[in-house]
Amino acid sequence: MPNPPGDAPADSTAGHPEGVTHDEFRAAMARLAAGVVLVTAHEPPLSPHGPRGEDVGMTATAFLSVSLDPPLVLVSLREGSRMDDLLEEQPHWAVSVLTESQRHIAGRFAMKGRISDRLLFEDIPYVRGEVSGSPLVGGALATLECRTEQRVAAGDHTLVIGRVLRADLPSPDGAPLAYFRGRYRTLG
């Protein structure tokens, strides 16, 4: 699933010209376990003398390593989402690989009709990335700071390929948070 949970299309029983329905596709992809990350970016102020800008975040399960040389990662963003729009203009962003104890963070940044991003970050411990200026969640298994190398339109999503400029392991011994069959899970 590109973005958990609840990105259901308006008509989930509709088929595509090649035949598979939204429900069939979602059911099949729900059987693929995925790691859970928080993608973040800092939206700069509208004017140099205005407020300091705003931090933006979203939960993603469609995140993967693409290349070791150069170090590239890929995240899939719903086309037209706030993060998609921001990363079209802002080349630097970050990823925090969440632990099983950070399920509440994943849920908070995935909910529809959510509160403002500023309030979402309010009680979450984070540091600001040295390269990207983006929030990096405290206690994450790993954090990556990236610069967009390429954007690819793919159906109703945009695939953003980023060059990893910095990688850190704040809590390398924790257990990962996973997403499987429409729910957050832990390994074990």
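The protein contains 4 helices and 12 strands. The model is predicted. Of its 188 residues, 39% count as buried. The exposed area comes to about 10,100 Å². Carbon and sulfur atoms supply 55% of that area. Sequence separation was examined for contacts between residues at least 6 apart. Among these, 64% join residues at least 24 apart.

Helix α2 spans residues 82–89. Its buried residues are M83, D84, L86 and L87. These four lie on the same side of α2, because they cover an arc of only 165° around the axis. A general point of helix geometry applies here. An α-helix has 3.6 residues a turn, so residues three or four places apart point the same way. The face of α2 turned away from the buried side carries E88 and E89, both exposed. Strands contribute to the cover over the buried residues of α2. Among them are β2 (37–43), β3 (54–60) and β5 (72–78). The cover also includes β6 (92–97), β9 and β10 (157–168).

Strand β9, part of this cover, runs over residues 142–154 and holds Q150. With a relative accessibility of 43%, Q150 counts as partly exposed, because the partly exposed class lies between 20% and 50%. Beyond its neighbours within four places in sequence, Q150 is in contact with L159, V160 and I161. Strand β10 covers residues 157–168, and these three contact partners of Q150 fall in that range. Q150 and I161 are 11 residues apart along the chain. Their C-alpha atoms are separated by 5.2 Å.

Aromatic rings were examined next. The count comes to 3 aromatic pairs. One of the pairs is formed by F121 and Y126. Its ring centres lie 5.7 Å apart, and the angle between the planes is 70°. The pair is edge-to-face, because planes over 60 degrees apart are classed that way. Ring pairs also link F109, F121 and Y126 into a cluster. Within this cluster, F121 counts as buried, because its relative accessibility of 5% is under 20%. Y126 has a relative accessibility of 30% and counts as partly exposed. The edge-to-face pair thus joins a buried ring residue, F121, to a partly exposed one, Y126.

Conventions. Residues numbered from 1 in each chain as written. Predicted model: local features only at pLDDT ≥ 70, side-chain atom pairs only at ≥ 80, totals over all residues. Heavy atoms only, no water. Phe/Tyr/Trp six-rings, centres within 6.5 Å; stacked < 30°, edge-to-face > 60°. Buried < 20%, exposed > 50% of the residue type's maximum accessible area, 1.4 Å probe, protein only. Helix = DSSP H or I, 4+ residues; strand = E, 2+ residues; numbered from the N terminus. Contact = heavy atoms within 4.5 Å. Areas by Shrake-Rupley, 256 points an atom, 1.4 Å probe, with all protein chains shown as cover. Arc of directions from axis to C-beta.
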